Structure formats: C-alpha cells, structure tokens
Amino acid sequence: MEMKHQKIGDIVPLGADIYMIEKIENGIVWMRQPNARGKSKKMYWREVPYFEDGKLVVPTMEERPKTLNTKIHLGSFFKKESGENIQVSREFIAYAYEWIDDLLYRILDDCIKNAQAKGHSRLMPAHFRRIHYDHNYRYYEPDNDDYAIKESIWMDHDEKLREQRGKEDGDE
C-alpha cells in the first residue's frame, strides 16, 4: 500500500478546519488540529485531501460493491505472478494449495475465537490478525518435491471427500 500524497507534518484542510498529519500507520492517517487537545482524527489514507501542483484534491470514495470477487485460481495466480522466465509445476501448485488450505483453516479458527471472545456472532475484518512474513528468509527443501508429487495424486480425492462431508453435514 503506497501512500502517494500524505506524509507526516503535512497540512490537511477538512471542512473549515485545518489539521496536521501526526502519524500514518496501517493505512490510517492520524491528524490533529495544531495546538488542539483531545483525540486525534483518523481517516483512511485514500480519503485524506492533499495538495497536488498547488491545488487541493479532495478524493471521493467509491461506493462499496454489492459483491466482491473472492475467488483465487492458484494455478493462474502463480503462473501470472512468477513472471515469464520461470515455470510453475503442477506439483508446486498442489503443494502450495495444501499449505494455503491449512493456513486458511487456522486463520478461520483464530478469527472465530477472536469474535467469540468479544461476544460477536459475525466475522468482520477486525477479527483478522495480520499475517507477518519474513521476506529475507530463503528456503529450499528437496523432500518437498517427493511429498508434493505423492500428495497431488490425492488432492482430487480429498476435495471430493470434503464436499461429501459438507453435503452430509447439511442434511443433518
């Protein structure tokens, strides 16, 4: 997420008031009126007005779409994002699918526990903890290749069993 227009110390006009940016964190811009007391005003970074070429730009928020595209086709994703000079094997996709599937179940379980701890009956983004990933760590494990080849054979079988269990759970 790139903050193109805002930086700490910038002046932001909101309505008839003037604010100064004091902090930008996780896509939220924290602003305070100079010499004012009380809580800081916070806004989503794309909503904050800014100056460009000496002119004030007031962003307009788009309406939230009625539906969101939440489907990811792993094969297409990996092939598109890996670039033209590297091939993606079926075994890689199968292996990644297994780990992503496991991770999603763990995330869901964690989110449900977070919601229940707050007494909520609906999952919202506030229940989701950010996933931190170490980009500096490089890894190569040849045993994964053998495992993935064997496991990819069972991928379709496992998916059919999962669907069957879902239908049986729905019948009860």
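This tour moves through a predicted model, from a group of paired strands to two loop residues and then to a helix.

Begin by selecting strand S3, residues 28–32, and look at how its side chains are distributed: Val-29 and Met-31 lie on a covered face, whereas Ile-28, Trp-30 and Arg-32 make up the uncovered one. This fits the general pattern that in a regular strand the side chains alternate between the two faces of the sheet.

Keep S3 displayed and add strand S2, residues 17–25, which pairs with S3 in the antiparallel sense over five bridges. At the end of this pairing, select Glu-25, and Ile-28 of S3 will be found standing opposite. The two strands form a hairpin with two residues between them, and in that hairpin Asn-26 adopts a positive phi near 50 degrees. Asn-26, in the loop between S2 and S3, deserves a pause, since this positive phi of about 50 degrees occurs although the residue is not a glycine. Most residues other than glycine have a negative phi.

Next, add strand S4, residues 41–44, whose pairing with S3 is also antiparallel and runs over four bridges. Here the residue to select is Trp-30, which stands opposite Lys-42 in S4 and belongs to the uncovered face of S3.

Move on to Asp-53, in the loop between strand S5 (50–52) and S6, where phi is near 55 degrees, again a positive value in a residue other than glycine. Is Asp-53 buried or exposed? With a relative accessibility of 77%, Asp-53 counts as exposed, because the cut-off for that class is over 50%.

Then select Val-58, which is located in the loop between strand S6 (55–57) and helix H1 (74–81). Val-58 is likewise exposed, at a relative accessible area of 55%. Add Glu-47 to the selection: although 11 residues separate the two along the chain, the distance between their C-alpha atoms is 7.6 Å.

Finally, turn to helix H1 and select its buried residues, which are Leu-74, Gly-75 and Phe-78. They lie on the same side of H1, because the arc they cover around the axis is only 100 degrees. An α-helix has 3.6 residues a turn, so residues three or four places apart point the same way. Display helix H2 (90–117) as well, for this is what the buried residues of H1 pack against. On the other side of H1, select Lys-80 and Glu-81, both of which are exposed. The tour ends just after H1, at Gly-83, where phi is positive at about 95 degrees.

How values were computed
Residues numbered from 1 in each chain as written. Predicted model: local features only at pLDDT ≥ 70, side-chain atom pairs only at ≥ 80, totals over all residues. Heavy atoms only, no water. Buried < 20%, exposed > 50% of the residue type's maximum accessible area, 1.4 Å probe, protein only. Pairing = 2+ DSSP bridges. Arc of directions from axis to C-beta. Contact = heavy atoms within 4.5 Å.
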